[in-house]
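This report walks through a few side-chain pairings and one strand residue, for a reader who is meeting the structure here.

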Amino acid sequence: MFLLNLFIAKMNNSICQSRTNMKTRIMYIEYKGEELTGDARICQVKFSKSMKSIHNDGKTFETLKGQGFKANFFDIETGEHYWISGCRKDGADRLYGERLPIYIDQDIQEEYWIKIRNLPGMVGTTIINGK
């Protein structure tokens, strides 16, 4: 019971209510296309009321239900594949650890660096692995 309560408390901390009554969370999104790696960003997403779809940047994503190759969601309009996951505390979000840029949306970068990564000195940084 203790572990269940701990899990629920952690989920409540990482998911909050937005003005539109949709749950939001800061997540890692990587476009897969036809490749194993692609453009990646850390941004805030909104979950549908049923929690079955994710909304971000005018796109709606639904789960591939385990049928994707190195991808777990698809864009319902284009069919393009994406990897969407919670942000890792160590910043190693890319599947193979590639040193490719990961862009952090300006509106969430402070929360990302302080609450998720516990690196307040990095506030203001909006590119990981950037040149």
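## A network around Glu30

In this predicted model, Lys32 and Glu30 form a salt bridge in which the closest N and O atoms are 3.3 Å apart. Glu30 also meets the side chain of Arg94 in a salt bridge, with an N to O distance of 3.2 Å. That second pair links distant parts of the chain, since Arg94 lies in the loop between S7 and strand S8 (102-104), while Glu30 belongs to strand S2 (residues 23-31), 64 residues apart.

Glu30, Lys32 and Arg94 are thus linked in a network of salt bridges. Glu30 counts as buried because its relative accessible area is 1%, Lys32 is buried at 3% relative accessibility, and Arg94 is buried at 6%.

## Asp105 and Arg41

The count of salt bridges comes to four, and one of them joins the side chains of Asp105 and Arg41 at 2.6 Å, N to O. Here too the pair links distant parts of the chain, with Asp105 in the loop between S8 and helix H2 (109-116) and Arg41 in strand S3 (residues 40-47), 64 residues apart. Arg41 is partly exposed, its relative accessible area being 23%.

## Ser85 in strand S7

Ser85 lies in strand S7, which covers residues 81-86, and Ser85 counts as buried because its relative accessibility is 17%. Its side chain makes a polar contact of 3.3 Å with the side chain of Trp83.

Beyond its neighbours within four places in sequence, Ser85 is in contact with Met27 and Tyr28. The C-alpha atoms of Ser85 and Ile29 are separated by 6.8 Å, although these residues are 56 residues apart along the chain.

Note on methods. Residues numbered from 1 in each chain as written. Predicted model: local features only at pLDDT ≥ 70, side-chain atom pairs only at ≥ 80, totals over all residues. Heavy atoms only, no water. Helix = DSSP H or I, 4+ residues; strand = E, 2+ residues; numbered from the N terminus. Buried < 20%, exposed > 50% of the residue type's maximum accessible area, 1.4 Å probe, protein only. Contact = heavy atoms within 4.5 Å. Polar contact = N/O pair within 3.5 Å; in protein donor to acceptor, adjacent residues only side chain to side chain.
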